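Open the model in your viewer and keep the selection tool at hand. The stops below say what to pick next and what is there.

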Amino acid sequence: MTRVEFFNQNGRITGFCCQGHSGYGEAGTDVVCAAVSTAVNFAECTLNDVLGANAKVRVNDEEARVTLTLPASCEDEEAVQAVLTGMMLTLSALRDEYPDYIEVLEV
């Protein structure tokens, strides 16, 4: 199962951690993993490359984990929060479709 945790401090999403393989299908054909990977990549690229948020990204291939952490403040905070909220809603919809393969939490 893939587990995605969104970190929330006083109503501000400060980052996320995505870990694990969904187990929906074999490697290379797993549509749930592909959807999660796309959402994670889209969010990271938009936050750092488009909005210049300077989010810290850590990847652990052995544990299939990606962690993104925002700095204490971002220049375009409203846009940054919109991207992360959109990611959370996208993954929540995926969870509703595939509840045995993805878990989405706000911590």
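Begin with the charges: select the positive and negative side chains in this predicted model. The chain has 6 positive and 17 negative charges, and the mean positions of the two sets lie 8 Å apart.

**The whole chain**

Now clear the selection and show the chain as a cartoon. Two helices and five strands make up its secondary structure. Followed from the N terminus, the order is β-β-α-β-β-α-β. Along the principal axes, the C-alpha atoms occupy a box of roughly 40 × 25 × 20 Å. The radius of gyration is 13 Å, which agrees with a compact globule, because a globule of 107 residues would come to near 13 Å.

Switch to a surface view. About 6,200 Å² of the chain is exposed, and 50% of that area comes from carbon and sulfur atoms. Of the 107 residues, 37% count as buried. As for contacts with a separation of 6 or more, 56% of those in the chain link residues 24 or more positions apart.

**The loop between β2 and α1**

Select Ser22, which sits in the loop between β2 (12-19) and α1. Is Ser22 buried or exposed? Its relative accessible area is 4%, so Ser22 is buried, the cut-off being under 20%. Show the side chains of Ser22 and Asp30: a polar contact of 2.7 Å joins them. Leaving out residues up to four places away in sequence, Ser22 touches Met1, Thr2, Asp30, Val32, Cys33 and Tyr101.

Keep Tyr101 on display and add Gly25, which belongs to the loop between β2 and α1. Gly25 is partly exposed, at a relative accessible area of 32%. Draw a distance from C-alpha to C-alpha: Gly25 and Tyr101 are 10.0 Å apart in space, while 76 residues separate them in sequence.

**Strand β2**

Step back along the chain to Gln19, found in strand β2. Gln19 counts as partly exposed, with 31% relative accessibility. Which residues are in contact with Gln19, leaving aside its neighbours within four places in sequence? They are Met1, Thr2, Arg3, Glu63, Ala64 and Arg65. Met1 and Thr2 also appear among the residues that Ser22 touches. For a longer line across the model, join the C-alpha atoms of Gln19 and Glu97: they are 19 Å apart in space and 78 residues apart in sequence.

**Two residues with positive phi**

Go next to Ala64, one of the contacts of Gln19. Ala64 lies in the loop between β3 (56-60) and β4 (65-69). At 23% relative accessibility, Ala64 counts as partly exposed. Look at the backbone here: Ala64 is not a glycine, yet its phi is positive, about 50°. Most residues other than glycine have a negative phi.

Another such case is Asn10, whose phi is near 55°, again a positive value in a residue other than glycine. To find Asn10, go to the loop between β1 (2-9) and β2. Asn10 has 85% relative accessibility and therefore counts as exposed, the cut-off being over 50%.

**Helix α1 and the loop after it**

Select helix α1, residues 31-50, and pick Thr46 within it. Thr46 counts as buried, at 15% relative accessibility. With neighbours within four places in sequence set aside, Thr46 is in contact with Leu51 and Val83.

Finish at Asn54, in the loop between α1 and β3. Asn54 is exposed, with a relative accessible area of 65%. What does Asn54 touch, not counting residues up to four places away in sequence? Show Asn48 and Pro71, which are its contacts on that count. For a last distance, join the C-alpha atoms of Asn54 and His21: the two are 27 Å apart in space and 33 residues apart in sequence.

Technical notes:
Residues numbered from 1 in each chain as written. Predicted model: local features only at pLDDT ≥ 70, side-chain atom pairs only at ≥ 80, totals over all residues. Heavy atoms only, no water. Helix = DSSP H or I, 4+ residues; strand = E, 2+ residues; numbered from the N terminus. Rg over C-alpha atoms; globule rule 2.2 N^0.38 Å. Buried < 20%, exposed > 50% of the residue type's maximum accessible area, 1.4 Å probe, protein only. Contact = heavy atoms within 4.5 Å. Areas by Shrake-Rupley, 256 points an atom, 1.4 Å probe, with all protein chains shown as cover. Lys, Arg positive; Asp, Glu negative; His and termini not counted. Charge placed at Lys NZ, Arg CZ, Asp CG, Glu CD. Polar contact = N/O pair within 3.5 Å; in protein donor to acceptor, adjacent residues only side chain to side chain.
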